[in-house]
Amino acid sequence: AGRGACSSGHPGGPGSITHGTQLAGDGGFILQLPEEYLPSTSYTLTLVDPISGTQFSGFAVIPLGSDGGTIAPSEPDARTRRFVCTGQGDGLTHGNSQLQEEVGGVWTAPPATVAAASFRVTVLLGYGSFYYTFTHTIRMVPGGTPKPATIDTTTLTTMRMTTSITT
């Protein structure tokens, strides 16, 4: 992805038409991450169209702001590479223009001082054709600690009673 993806999400830069035309919405693409994060914890993220499996040739996923965490390739892979944008967290972009159905990386969440992190996602369907740009936001677990597991005691009691009756 070009530096234009850093500032506006538009491949080629604001106003550029070299990469194609921007379409409204997200085109069915999603950034798979948990709904909430723990500070300074690493998570696998995946960019995919889970419904129709639409292939794409280029992409950029950029944490917005310098406190949005960082993204790195999951492993050495010709499909992905680190993408550095001034004033943003390190992101992820394509390493080549081969068609792919999904790409992934590892996002390291920001420290506890950040209540939510947002990402700008750009998906290029093909050079000179169409692309989507959208944002995805994930919030920190309240208080920075995971919620304790809860047990439905009604179900537990019913299970014990059913077990007692059937034995």
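In strand β4, the residue that serves as bridge partner of isoleucine 30 is valine 48, and leucine 31 stands opposite leucine 47 in the β4 strand as well. These contacts belong to the antiparallel pairing of β2 with β4 (residues 42–48), which runs over three bridges; two strands are said to pair if DSSP finds at least two bridges between them, and strands themselves are DSSP runs of E with at least two residues, numbered from the N terminus. The model is a predicted one, in which local features need pLDDT of at least 70 and side-chain atom pairs count only at pLDDT 80 or more, while totals for chains, interfaces and linings use all residues. Residues are numbered from 1 along each chain as its sequence is written, and side-chain values use heavy atoms, with hydrogens and water left out.

Valine 48 also has a bridge partner in β9, namely glutamate 102, and β4 and β9 pair in the antiparallel sense over seven bridges. These strands form part of an open sheet of four strands, with antiparallel pairing and the order β2-β4-β9-β6. Because β2 (30–32) and β6 (70–73) stand at the edges, each with a single partner strand, one side of each is left without a neighbour in the sheet. From one strand to the next, the twist averages 35 degrees, where axes are lines fitted to C-alpha atoms and angles run from 0 to 180 degrees between N-to-C directions. Five of the seven residues of β4 are buried, so β4 is largely enclosed by the rest of the structure; buried here means under 20% relative accessible area, computed with a 1.4 Å probe on protein chains only.

Strand β5 (residues 58–63) can be followed in the same manner. Six of its six residues are buried, and β5 is therefore largely enclosed by the rest of the structure. Gly58, Ala60 and Ile62 point one way from β5, whereas Phe59, Val61 and Pro63 point the other way, and all are buried. With strand β10 (residues 116–124), β5 pairs in the antiparallel sense over six bridges, and in β10 the bridge partner of proline 63 is phenylalanine 119. With strand β8 (residues 91–94), β5 pairs in the antiparallel sense over two bridges, and there alanine 60 has threonine 93 as its bridge partner.

The aromatic side chains add another set of contacts, and a search of the whole structure finds six aromatic pairs; rings of Phe, Tyr and Trp (its six-membered ring) pair if their centres lie within 6.5 Å, with planes under 30 degrees apart counted as stacked, over 60 as edge-to-face and the rest as tilted. One of the pairs is formed by tyrosine 37 and tryptophan 107, edge-to-face at 5.2 Å centre to centre with 85 degrees between the planes. This pair links distant parts of the chain, since tyrosine 37 lies in strand β3 (residues 36–37) and tryptophan 107 in strand β9 (residues 102–108), 70 residues apart. Both tyrosine 37 and tryptophan 107 are buried. The rings of phenylalanine 56 and phenylalanine 59 have centres 6.2 Å apart and planes at 85 degrees, so this pair is edge-to-face. Phenylalanine 56 is buried with a relative accessible area of 0%, and phenylalanine 59 is buried with a relative accessible area of 2%. Phe56 and Phe59 form one aromatic cluster together with Phe29 and Tyr132.

Technical notes:
Buried means under 20% relative accessible area, exposed over 50%, partly exposed in between (1.4 Å probe, protein chains only).
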